[in-house]
Amino acid sequence: MEQLLGLSPFIIMIILFYFLLIRPNQKRQKAVNEMQSNLQKGDKIVTIGGLHGRIEALDEGTIVLKCGDGSKLTYDRNAVREVLETNNSVQ
């Protein structure tokens with residue numbers, strides 16, 4: 001019984017770490033993965049580097065962005081930080 005009482009602070013710390021750090025991070029990562037998998041042609045996005053552009057073409061792991069000056073750049077899907085505007089029209 002004393003061994004269990006001696007281990008209880010460690011068990012409580014592990015439980016706290018799970019609920020305060022690990023679980024919220026898993027939820028956030030799941031939301032990011034869902035957003036990146038739901039990208040569509042015409043969506044206006046921002047990359048993790050801060051580049052703004054519209055999606056010109058999609059591939060399994062890459063996207064082609066059309067920037068403001070008309071240039072087209074290829075990025076990894078994982079480089080998308082957020083979607084600013086979605087394209088609701090069916091293409």
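How many residues does the hairpin that joins β2 to β3 run through? The answer is three. This is a predicted model, and its main pieces here are a helix, α1, covering residues 2–37, and an open sheet of five strands. Below is a quick tour, from the helix through the sheet to the core and a few individual residues.

**The helix**

- α1 has 36 residues, and at 1.5 Å a residue that should give a span of 52 Å. Its end C-alpha atoms sit 51 Å apart, so expectation and model agree.
- There is a bend in α1 of about 40°, located at Tyr18.
- Ile14 belongs to helix α1 and counts as exposed because its relative accessibility is 58%, and exposed means over 50%.
- From the C-alpha of Ile14 to that of Glu34 the distance is 28 Å, with the two positions 20 residues apart in sequence numbering.
- Gln36 is also part of α1, but this one is buried, with a relative accessible area of just 7%, which is under the 20% cut-off.
- If you skip neighbours within four places in sequence, Gln36 has contacts with Arg77, Asn78 and Val80.

**The sheet as a whole**

- Reading across the open sheet, the strand order is β4-β3-β2-β1-β5, and the pairing is antiparallel.
- The edges are β4 (72–76) and β5 (80–85). Each has a single partner strand, so one side of each has no neighbour in the sheet.
- Ignoring direction, neighbouring strands in this sheet are turned against each other by 45° on average.

**Strand pairs and hairpins**

- β1 (residues 44–47) runs antiparallel to β5, and four bridges join the two.
- On its other pairing, β1 is joined to β2 (residues 52–58) by three bridges, again antiparallel.
- Lys44 shows both pairings: its bridge partner is Glu85 in β5 and Arg54 in β2.
- Val46 does something similar, with Glu82 as its bridge partner in β5 and His52 opposite it in β2.
- The hairpin formed by β1 and β2 has four residues between the strands, and Gly50 in that turn has a positive phi of about 95°.
- β2 and β3 are paired by four bridges in the antiparallel sense. One bridge to look at is Leu58, whose partner in β3 is Ile63.

**The core**

- What makes up the largest nonpolar core? Seven residues do: Met35, Leu39, Ile45, Ile55, Ile63, Leu65 and Val80.
- Ile55 is one of these core members. Setting aside neighbours within four places in sequence, its contacts include Leu39, Ile45 and Leu65, which are also listed in the core.
- Ile55 also touches Gln40, Lys41, Gly42, Asp43 and Val64 on that same count.
- Val80, another core member, is among the residues that Gln36 contacts.

**Thr47 in β1**

- Is Thr47, a residue of strand β1, buried or exposed? Thr47 is buried, because its relative accessible area is 2%, under the 20% limit.
- Not counting residues up to four places away in sequence, Thr47 touches Leu65, Tyr75, Ala79, Val80 and Arg81. Of these, Leu65 and Val80 are core residues.
- Thr47 and Asn78 are 31 residues apart in sequence, while their C-alpha atoms are 8.8 Å apart in space.

**Cys67 in the β3–β4 loop**

- Cys67 is placed in the loop between β3 (62–66) and β4.
- Despite the loop position, Cys67 counts as buried: its relative accessible area is 12%, and anything under 20% qualifies.
- Leaving out neighbours within four places in sequence, Cys67 is in contact with Leu51, His52 and Leu73. His52 is the residue that Val46 stands opposite in β2.
- Cys67 and Glu56 are eleven residues apart along the chain, and 9.5 Å separates their C-alpha atoms.

Methods:
Residues are numbered from 1 along each chain as its sequence is written. This is a predicted model: local features need pLDDT of at least 70, side-chain atom pairs count only at pLDDT 80 or more; totals for chains, interfaces and linings use all residues. Side-chain values use heavy atoms; hydrogens and water are left out. Buried means under 20% relative accessible area, exposed over 50%, partly exposed in between (1.4 Å probe, protein chains only). Contact means heavy atoms within 4.5 Å. Two strands pair if DSSP finds at least two bridges between them. Axes are lines fitted to C-alpha atoms, for helices over the stretch in contact, and angles run from 0 to 180 degrees between N-to-C directions. The expected span of a helix is 1.5 Å times one less than its number of residues. The bend at a residue is the angle between axes fitted to the seven residues ending there and the seven starting there. A nonpolar core is a set of buried Ala, Val, Leu, Ile, Met, Phe, Trp, Tyr and Cys residues joined through side-chain atoms within 4.5 Å.
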